[in-house]
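The following exercises are to be worked with the sequence and the coordinates open side by side. Each task is followed by a solution that proceeds step by step.

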Amino acid sequence: MGNEKRLVVNPLKIYFLDPKRSGAKWLIKDEPNYERSATGWDLQVERKNQVLLIEAKYIRGPSASALAGLLIAPLTKKQEKMRSKKKKSWSSVVCWAIGCGYEKGGRAKKYQMGGISQILFDYFIRNIEFWNCYSEILKVKYIYFVDNKKVAKILFAKILVLAKLYKTRASTKKLEERRVIADELIERFLKFI
């Protein structure tokens, strides 16, 4: 079992199946049988009038290239698993799930985002208008962060607002200072459950 399934998808399944944690009773509709050759979404969960199509990535350390898979996922026209012959539900939204912690033996600190927030913000501030259109047209709704089997979610639109704040505060700073600013901005809005 790879890191993506073990450290991102499996904790998300536990999160969605527990109504106390996720806030609602969800049904796990689909997940791929094979990690490497799967062509669908990494996880599909649904409840009445809501379908979440989740693309998951485990990002270890600062690697912006790993975000490419998240970016491309809604563009590839992956099909939902539906009972009817329709290709897509009217109520479906796309979500990103990012595994961002460290495994046992890794660097331990209070907040284990591993620089992911700074990478995301740097990624988004290059063209905020594009990301606003991207989230609106492709219906990208949430980003789930998974850290040590705990899950936190944030609206995609909210993270874009935080990216604008990050741009004004961190534009002339060095990398370490930008990481601290990014972590402080996002930490206020993430509640790991």
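The bend at a residue is the angle between two axes, one fitted to the seven residues ending there and the other to the seven starting there. Helices (H or I, at least four residues) and strands (E, at least two) are DSSP runs, numbered from the N terminus. The model is predicted, so local features need pLDDT of at least 70 and side-chain atom pairs count only at pLDDT 80 or more, while totals for chains, interfaces and linings use all residues. Residues are numbered from 1 along each chain as its sequence is written, and side-chain values use heavy atoms, with hydrogens and water left out.

**Exercise 1. Describe helix H1 by its span, its bend and its burial.**

Step 1: the expected span of a helix is 1.5 Å times one less than its number of residues. For the 15 residues of H1 (residues 3-17) this gives 21 Å, and because the end C-alpha atoms are 21 Å apart, the expectation and the model agree.

Step 2: the helix bends by about 30° at Val-9, and a proline, Pro-11, follows within four residues.

Step 3: a residue is buried under 20% relative accessible area, exposed over 50%, and partly exposed in between (1.4 Å probe, protein chains only). The buried residues of H1 include Val-8, Val-9, Asn-10, Pro-11, Leu-12 and Tyr-15. Phe-16, which also lies in H1, counts as buried because its relative accessible area is 1%.

Step 4: contact means heavy atoms within 4.5 Å. Neighbours within four places in sequence being left aside, Phe-16 is in contact with Ser-22, Ala-24, Trp-26, Ile-28, Leu-43, Val-45, Leu-52, Ile-54 and Tyr-144. The C-alpha atoms of Phe-16 and Glu-46, which are 30 residues apart along the chain, are separated by 9.5 Å.

**Exercise 2. Locate the nonpolar cores and follow the contacts of Phe-124.**

Step 1: a nonpolar core is a set of buried Ala, Val, Leu, Ile, Met, Phe, Trp, Tyr and Cys residues joined through side-chain atoms within 4.5 Å. The largest such core has 40 residues, of which Trp-96, Ile-98, Phe-124 and Phe-145 touch the most other members.

Step 2: apart from this core lies another, of 20 residues, among them Ala-24, Tyr-58, Tyr-142 and Val-151.

Step 3: beyond its neighbours within four places in sequence, Phe-124 is in contact with Trp-96, Trp-131, Ile-143, Phe-156, Ile-159, Leu-160 and Ala-163.

**Exercise 3. Trace the aromatic pairs around Trp-131.**

Step 1: rings of Phe, Tyr and Trp (its six-membered ring) pair if their centres lie within 6.5 Å, and planes under 30 degrees apart count as stacked, over 60 as edge-to-face and the rest as tilted. The structure holds 18 aromatic pairs.

Step 2: Phe-130 and Trp-131 form an edge-to-face pair, with 5.0 Å centre to centre and 75° between the planes. Phe-130 is partly exposed, because its relative accessibility is 38%, whereas Trp-131 is buried at 4%.

Step 3: Trp-131 and Phe-156 form a tilted pair, with 6.3 Å centre to centre and 45° between the planes. Trp-131 lies in helix H5 (residues 128-137) and Phe-156 in helix H6 (residues 156-170), so this pair ties together parts that are 25 residues apart in sequence. Phe-156 is buried, with a relative accessible area of 0%.

Step 4: ring pairs link Trp-96, Tyr-123, Phe-124, Phe-130, Trp-131, Tyr-134 and Phe-156 into a cluster.

**Exercise 4. Which residues other than glycine have a positive phi, among them Asn-148, and where do they lie?**

Step 1: Lys-139, although not a glycine, has a positive phi of about 55°. Lys-139 is in the loop between H5 and E5, and it counts as partly exposed because its relative accessibility is 31%.

Step 2: phi of Asn-148 is near 55°, again a positive value in a residue other than glycine. Asn-148 is placed in the loop between strand E5 (140-147) and strand E6 (150-155), and at 60% relative accessibility it counts as exposed.

Step 3: the C-alpha atoms of Asn-148 and Cys-100, 48 residues apart along the chain, are separated by 8.5 Å.
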